[in-house]
Amino acid sequence: MEESKLLRKAEIAIKSNRIIKLEARDSFFYIFVFLGNGKNGKDHILNEKSCDCKSFLFNRIYRNTNMCYHLIALNKALENEDFITIKLNSKEIFEIITDIYANGKSLKLRKVYPNK
Ligand SMILES: [Zn+2]
């Protein structure tokens, strides 16, 4: 996908509040999650430099770049402080991570996601 398209997708993701910071109440731990949308949308766990999606892996291994639209979205969101922060106990955060690895997305995350 060309870069301008990736940027556009990233901007839409930010506008629809899909960049989430999960922050532990009981420690300094935090992670970022890119919330998938629609029925088949997958959640992704990421930080400023890496993402767990296939296109990140592909770019990393075959092109030696760190690139996917989730990462572009996260870095833009960080620049503008335009993301959702949800505070949970670290146990709950680990449940969400386990959910995402086991099922591709987390129902628990959807339950704690603030309704706007
Ligand atoms: Zn990604």
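Select Asn-64 to start: the residue sits in the loop between H2 and H3, where helices (H or I, at least four residues) and strands (E, at least two) are DSSP runs, numbered from the N terminus. What you have open is a predicted model, in which local features need pLDDT of at least 70, side-chain atom pairs count only at pLDDT 80 or more, and totals for chains, interfaces and linings use all residues. Residues are numbered from 1 along each chain as its sequence is written.

**Stop 1: two loop residues with odd backbones**

Stay on Asn-64 and check its backbone: phi is positive, about 55°, although the residue is not a glycine. Most residues other than glycine have a negative phi. Asn-64 counts as exposed because it has 7 C-beta neighbours inside 10 Å. The scale here calls a residue buried if 20 or more other C-beta atoms lie within 10 Å of its own, exposed if 12 or fewer, and partly exposed in between, with C-beta atoms placed from the backbone.

Now jump to Glu-81, in the loop between H3 and strand S4 (84-88). Glu-81 comes just after H3, and its phi is near 45°, a positive value in a residue other than glycine. With 7 C-beta neighbours inside 10 Å, Glu-81 counts as exposed.

**Stop 2: zoom out**

Show the whole chain as a cartoon. You should find 5 helices and 4 strands, and reading along the sequence gives the pattern α-β-β-β-α-α-β-α-α. Along its principal axes, the C-alpha trace spans about 40 × 30 × 30 Å. For 116 residues, a compact globule would have a radius of gyration near 13 Å, and the chain's 14 Å agrees with that. That radius is taken over C-alpha atoms, and the globule rule is 2.2 Å times the number of residues to the power 0.38.

Colour by burial next: buried residues make up 24% of the 116 residues. Turn on contacts too, counting two residues as in contact if their C-beta atoms, placed from the backbone, lie within 7 Å. Among contacts between residues at least 6 apart in sequence, 54% join residues at least 24 apart.

**Stop 3: H1 against H3**

Select residues 3-15 (H1) and 69-79 (H3). Two packed helices are described by the angle between their axes and the distance between the axes. H1 and H3 pack at an angle of about 55°, with their axes 8 Å apart. That makes H1 oblique to H3: angles under 35 degrees count as roughly parallel, over 145 as roughly antiparallel, 65 to 115 as roughly perpendicular and the rest as oblique. The axes are lines fitted to C-alpha atoms, for helices over the stretch in contact, and angles run from 0 to 180 degrees between N-to-C directions.

Which residues make the contact? On H1, pick Leu-6, Leu-7, Lys-9, Ala-10, Ala-13 and Ile-14; on H3, pick Tyr-69, Ile-72, Ala-73, Lys-76 and Ala-77.

Keep H3 selected and look at its buried residues: Tyr-69, His-70, Leu-71, Ala-73, Leu-74 and Ala-77. What do they pack against? Their partners are H1, strand S1 (19-24), strand S2 (30-34), strand S3 (44-46) and helix H2 (54-63).

**Stop 4: the loop between S3 and H2**

Cys-51 lies in this loop. Buried or exposed? Cys-51 is buried, with 26 other C-beta atoms within 10 Å. Leaving out residues up to four places away in sequence, Cys-51 touches His-44, Leu-46, Phe-56, Cys-68, His-70 and Leu-71. Try a distance label from Cys-51 to Leu-71: they are 20 residues apart along the chain, and their C-alpha atoms are separated by 6.7 Å.

Asp-52 lies in the loop between S3 and H2 as well, but is partly exposed, with 16 other C-beta atoms within 10 Å. Ignoring neighbours within four places in sequence, Asp-52 is in contact with His-44, Ile-45 and Leu-46. From Asp-52 to Cys-68 is 16 residues in sequence and 9.9 Å in space, C-alpha to C-alpha.

**Stop 5: one strand residue, one helix residue**

Go to Ile-20 in strand S1. Ile-20 is buried, with 22 other C-beta atoms within 10 Å. Beyond residues up to four places away in sequence, Ile-20 touches Phe-32, Val-33, Leu-35, Phe-83, Ile-84 and Ile-86.

Finish at Asn-103, in helix H4 (residues 90-103). Asn-103 counts as exposed, with 11 C-beta neighbours inside 10 Å. Lys-42 is 61 residues from Asn-103 in sequence and 8.7 Å away in space, C-alpha to C-alpha.
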